Structure formats: structure tokens, C-alpha cells
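Here is a protein chain to work through at the bench or the desk. Look over the sequence and the model before reading on.

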Amino acid sequence: LLPHHIHHNVFTGDPRKFDPTFKGPIHNRGCTDILCCILFVLALLGYFAVGILAWSHGDPRKVIYPTDSSGQFCGQVGTPLQNKTLLFYFNILKCASPLTLLEFQCPTTQICVEECPNKFLTLVNRSSVRVVPGCMGVGFQNAPTILKEGLCPAMLFPSQKFSRRCLPNLGTKPGGVIVVGENSTTFTDDSGQTRNASDLLEATKKSNIAVEARQVAMRIFEDYTQSWHWILLGLFIAMVISLIFIVLLRYLAGIMVWVMMIMVILVIGYGIFHCYMQYAHLKGTPGGNVTLRDLGLQTDFSIYLQIQQTWLAFIIILSIVEVVIIILLIFLRKRILIAIALIKEASRAIGHVMSSLFYPLLTFALLALVIAYWAVTAVFLSTSNEQIYKVFNTTQCNYSMEVCNPKTFQNSSIIEVCPDAECRFAFYGGETSYHKYLILLQFYNLFLFFWCVNFVTALGQVTLAGAFASYYWAFKKPDDIPAFPICSSLGRALRYHTGSLAFGSLILAIVQIIRVILEYLDQKLKGAQNKCARFLLSCLKCCFWCLEKCIKFINRNAYIMVAIYGKNFCTSARDAFFLLMRNILRVAVLDKVTDFLLFLGKLLIVGIVGICSFFFFSGRIQKISNDINLNYYWVPILTIVIGSYLIAHGFFSVYAMCVDTLFLCFCEDMERNDGSVERPYYMSSELHEILLKKVLDSDETDCKRSKLRRNK
């Protein structure tokens, strides 16, 4: 066994020693983690190259408008297809492939038509050749030849127009038996196999996933065009409430925190009461007792609000949240008093660094830029697949199944060698290296998205940490605080520590991309019967989730040490970890309790704005709401709620970063100094009382209680 002092050094590191030259964040510092900085710059250049490559090959119009097998858009003005606005699939069964979702195309021949078929026909009947769309000009060839050469579809189904596409409209017999035509439960596909009508229905449902998603997206877009000005007003109100809340915390922190906790309980209680009233109202209405399982997935989400189970679920969730909050407030009341005092000190720091409240706006702008670039690049990559044509022939030919160009095929040498050869559509994809590695480019796009988002977040944390550390280590406050602490801290971070920020962000991005891969594998294995593999995968998902949370905690404190001392990422992470371990009792008392109080503040702001928007958009306010016609009234409500949370999170994250920075600086101050004239504390007398006396008293009380329990 190692001696006690060796254990102390191994698990907590050596405490800081007095340094008379240390006056806060180091100004004379050098560049850190240069290799990672170079790697990040090269990765960004590659990211821009992927974007340019995707924009040159992709066509986002494929997401909105249907295209035929020649790549022409149905209904495009100024083309021969101007009046042919609908898309017809030769073999709808092939649309059940996952490629329909990944490539926005169904892997079968498609043509543009003016009208959808209205009756069931097959090519067995000679007269049907003339009425099948796209079959004009096949001459008097027999049905097997037509099917073999893929000149016509094998059958026509009564179809209905849905989102500019012709999809089968199947009938049912008594008992729920699915039929095609008048009374047939089977049909013959283009390969000569007999298929059940239920197979056709299943293929139609799967092909509808992408189409219905597009339809819902278009309705949501229409709702945004109708309500965007009201959404902006709601977000502006959320920002005003957040600012008022922050200002009141500056002067009335103790009162505001208790008022906030009481209002959160009241708001959740009102939500439970409202949900119960809706539940009771639906108790006697027809269809109100339908279960969520029977209802299934619906594109009109307002239907879910018309059944009892939905409101019962809301009641249960809100009741659990209410009980948990009340229990935490009862058992953590003493630690809440300590956290309130710490929030008061953080309010003083923010009062001297008011520009820190506006820094989240820069973070929001950078995150919006990163998200927009990722989304646009992903759409262009998804629509990069092209129509591939190959040589088809009935006799022996060396060029069979080779790629060809239909525009130049008649003048090529292939016709001379193989007179009966034809250049016909084969599939959607590509033969180039770009198309072969398209899925890897999508993963690269996602990985760089995670890396850039984490980098922007890290930049904000380092900037705020440097500004608040300048406040703490100013001996005479506010005279010794730099003139523009946010600007100077941001300049130091970008000039010296881009590599350190990229290093920490890279570690977190790797864990996040692994989690995405695990989710992808989990979706693939959902239909598998191997329970052991499913169990191991679930364990891996849980472990990597915990790992991501741990890395975020370590990174956050490491960035604070980078802002203060200017060392590389690994050294800063080690120093921060050991410093926290040497003050583990204070961390346990303050860290999560303060986060809990700040989370209640976010919850209160979101609850106030969310309830007001619900009454407005659901038609409860008659004089104004009647002028708004929406497909889904939950679209603006959900947008305002999410936006309000992000706005509140942006302002309260400043408080959270300030509390964490002041706490680490306090721990450093306690180890460097002793409060004497030669080695005075940099902390204020209020902060000294908060983090030293009250925390120790709370710990001693807990120790006495546990000792008393053991004695009993």
C-alpha cells in the first residue's frame, strides 16, 4: 500500500503554491496544440470542398418536384412535360426500398403523365397496350416482349393523386380483405410472379413515407408563412422576459429565486389542471377512448389531442415533474440557500461585465451558420444521384449492361456491333468515385457538423471564462478590471488557443459520431431476433452517453483553466480535474444545486411564453386568433417554446459559466493565499463567507447526522 501523501498526489495532484507574480489570466502566453489547429483548418478546407462538390452535383428541386427517369421535372414550364404534372411508377413494389428515403427516388422506371389511371388493366389484354401511359409506339409486339424490354408497366391500378404522384387506391372486401380491380386479391408483376394485393399496399405505404413527409413539410412551411411575424413577436417577448429576469437577479437574487421556484410549481400545477379538464371533457365524446396504438402514426398531429390517452400521458408526466421538484426543494433547502448566495456573487460579476449578456447572440449566429451549412450540404448530397443508362439487348453482345448515353447512343459504334441493342434507364446512382463514396461524404458532413458546433460552444465558454476570471483576480474591483474583458478574452482564445479548443471539440465529436453509428445499427437490428446483440448494443449506447456527459464536464473546466493559465488542453484538463478532486465536497454541494436553480429559471420562462402562445394560436383569444388560419397550430407553439428555451439557455448559460469560473478561481485562491497581509485573498468577503464558512457548516452538519445514524 502507498503512503497517505502518495495517495493524495496520485488522485488529487499537488496543491497550488503561492506565486507573487500571479495576477489572474496570463497575458504573456504562446500558441497551444498547434498540430490540432492545423488539423482543424485542413478539415474545414475539406468541408468546404465537400460542400462545393455537393452543390455542383446535387439538385434540391428533386426533394420538391417529381422527376421522371430521364431527369426531367414533371410540369416544368417551357418543356414538353408542361401539362404532365403527375408522376407514374412502372413498378410501385420497388418503392418499398430504403433508397426511396435516401435518394428521394424510387428505383423503377418513372414517367410524367397528365392523369392517373382509373381502372385495373394488365398487358395480357392486347387492347390495354394502347391505354397504358407511355406505351404508345410499341407497335404490335406481344406482352412478354414488352415486359422483357421494360417498355410498359405490367399492370395498371386505380390510382389517386397524392403530392403530384400516382399511388394505388386499393379497395377492400367484407372482412378487410384487400383487392385490386373489382374482385381480385392477386396480380402478376413484371417478372411474371404472382403477388398478393397486400404486398402492393405495403409497398405503397413505404413509398408514402417520403411523400407524406414532404407533404407535412409543405404544410408546416405554409404555417410558417402565415405565423412568422407572431413567432418573432413571441421570441422577442421571451428575450425581454429573460433580460428582465437577469436584471432582477442582479438586485433581488434571493427573492427572485424563491419566487421563481413557487411560480414553477404553480405553472406546472395549472398545466396538470388544464390537462385533467381536457381529459374529463373527452370522457364521454365519441372516439375519445381510442388508444394511441390503434390510432397509429398520423400526419395531422391535432388528432392526438382528441383522445383521452394523450391528456392522461401529459397528466402523468407533469405530476411526476411536480413531485420531483417539490421533493428536491424540501431536501436541498440549505444547499439552495448557499447556491442563492453564490448566484448573488455571480450577479455582481455580470454587473461589472455587462457585455457578457450579449455574447450569446454571437454564439447563436455562429451556430445558425454551421447548422445552415450542414443542412444545405446534406440536401445537395442526397440529391446528387443521377440517372444511369445501360445497354440492353436480346442477342449476344459484348457491350451488354455497360453504361451508355441515350443522347449519343444511336451514333455510337455499339449499334454497329449489336444492332438490337438499346440504351435504357437502369437505376439511380452513379459510376464515378464521387457517387461510390457518397455515404462517406454524408458521414464526413455530419462529423464536421459536430466538430464545428462543439468548437463554437467551446469558444464561448473560454471567452466568458476569461472575462469572469479577469473580474475575480482584480484586487481592487472594479478599478483593476480590463476595459473590454470580453473582447480581450475572445482575442486571446482565437489567437493562442484555437488548437486547444479544436482538440477538446474533436474528442467530443468522435464520441458523438460513435453514438450516431450505434443508433444507426440499433435501427438496423430492430427486426433481428438476436437479443444478445440488442442487449450489448443498448449497453454500448448507455456507456457512450455517460462518456459524452463526462467529457463535456471535463472540457468545460479545462477551458476555464486554458483561459486563466494559457496552457494546452491536456494539461489544463488534468489541472482542472485535480483541483476539483481536492475540493470534491464543495463541488458536490454547489455544482448541481446551482444548475438546478438555473434550470428552474429556464423552465419558468418557457412555461410563461408557452402557455401564452397556446392560448393565442389554439383560438382561445377570439379577437386576434380568428385571423390566423393554420394547418397545425402546434407548429408556431412548438417553435416559440423551443426558441424561448434556447434564448433563456443563452442568457442563463452566462450565469452558469460565471458560477463555474468563480468557483474554480476560488479554489485556486484558497490554495495560493491564506488571507494574510502578505498573501491576501482576491475573493470578496461575501464570497469567502459563502464558499468557506457556509459550505463547511453544511458539510459538518451532514457528517454529524450520518454519525448519529450510525450510533443509533
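The questions below go from the whole chain to single residues.

Q: How many helices and strands does the secondary structure of the chain come to?
A: This is a predicted model. The chain has 712 residues, and 44% of them count as buried. Its secondary structure comes to 21 helices and twelve strands.

Q: What share of the contacts in the chain with a separation of 6 or more comes from residues 24 or more positions apart?
A: A contact here means heavy atoms within 4.5 Å. Take the contacts with a separation of 6 or more, then keep those between residues 24 or more positions apart. Their share is 73%.

Q: What part of the accessible surface of the chain belongs to carbon and sulfur atoms?
A: The accessible surface totals about 37600 Å². Of that area, the carbon and sulfur part is 64%.

Q: Which cysteine does cysteine 74 join in a disulfide?
A: The structure holds one disulfide. Its two sulfurs are 1.9 Å apart, and the angle about the S-S bond is -75°, a left-handed link. The partner of cysteine 74 is cysteine 112.

Q: How many residues apart in sequence are the parts that the pair of cysteine 74 and cysteine 112 ties together?
A: Cysteine 74 sits in the loop between helix H3 (61-64) and E1, while cysteine 112 belongs to strand E2. The pair therefore ties together parts separated in sequence by 38 residues.

Q: Is cysteine 112 buried or exposed?
A: The cut-off for buried is under 20% relative accessible area. Cysteine 74 falls below that, at 3%. Cysteine 112 has 8% relative accessibility, so cysteine 112 counts as buried.

Q: Which cysteine has the sulfur nearest to that of cysteine 542?
A: A disulfide needs sulfur atoms within 2.5 Å. Cysteine 542 is in no disulfide, as its nearest cysteine sulfur is 4.4 Å away. Cysteine 542 is also partly exposed, with a relative accessible area of 45%. The nearest sulfur is that of cysteine 546.

Q: Which residue in E2 is the bridge partner of leucine 86?
A: Strand E1 covers residues 86-89. E1 and E2 (residues 110-113) run antiparallel and are joined by four bridges. Across from leucine 86 in E2 is valine 113.

Q: Which residues of E1 lie on the other side from Leu86 and Phe88?
A: In a regular strand the side chains alternate between the two faces of the sheet. Both faces of E1 are covered, with Leu86 and Phe88 buried on one side. Buried on the other side are Leu87 and Tyr89.

Q: Which residues point the other way from Gln110 and Cys112 in E2?
A: Gln110 and Cys112 point one way from E2, and both are buried. The residues pointing the other way are buried too: Ile111 and Val113.

Q: Which helix gives the largest share of the largest nonpolar core?
A: The largest nonpolar core has 112 residues, and Leu249, Trp451, Phe468, Tyr472, Leu597 and Tyr655 touch the most other members. The largest share of this core is 20 residues, from residues 438-472, helix H13.

Q: How far does helix H16 reach from its first C-alpha to its last?
A: H16 spans residues 531-565, which makes 35 residues. At 1.5 Å a residue, 51 Å is expected. Glycine 566, with a positive phi near 75°, follows H16. The reach of H16 is close to the expected value, at 50 Å.

Q: Which residue lies 4.8 Å from threonine 383, C-alpha to C-alpha?
A: Threonine 383 is in the loop between helix H10 (359-382) and strand E11 (386-392). Threonine 383 is buried, at 1% relative accessibility. Its partner at this distance is 325 residues away in sequence: glycine 58.

Q: What separates the C-alpha atoms of histidine 274 and phenylalanine 314?
A: Histidine 274 is part of helix H6 (residues 197-281). Histidine 274 is buried, with a relative accessible area of 17%. Along the chain, phenylalanine 314 is 40 residues away from histidine 274. Between their C-alpha atoms the separation is 10.0 Å.

Notes: Residues numbered from 1 in each chain as written. Predicted model: local features only at pLDDT ≥ 70, side-chain atom pairs only at ≥ 80, totals over all residues. Heavy atoms only, no water. Helix = DSSP H or I, 4+ residues; strand = E, 2+ residues; numbered from the N terminus. Expected span 1.5 Å × (residues − 1). Buried < 20%, exposed > 50% of the residue type's maximum accessible area, 1.4 Å probe, protein only. Areas by Shrake-Rupley, 256 points an atom, 1.4 Å probe, with all protein chains shown as cover. Pairing = 2+ DSSP bridges. Core = buried A, V, L, I, M, F, W, Y, C linked by side-chain atoms within 4.5 Å.
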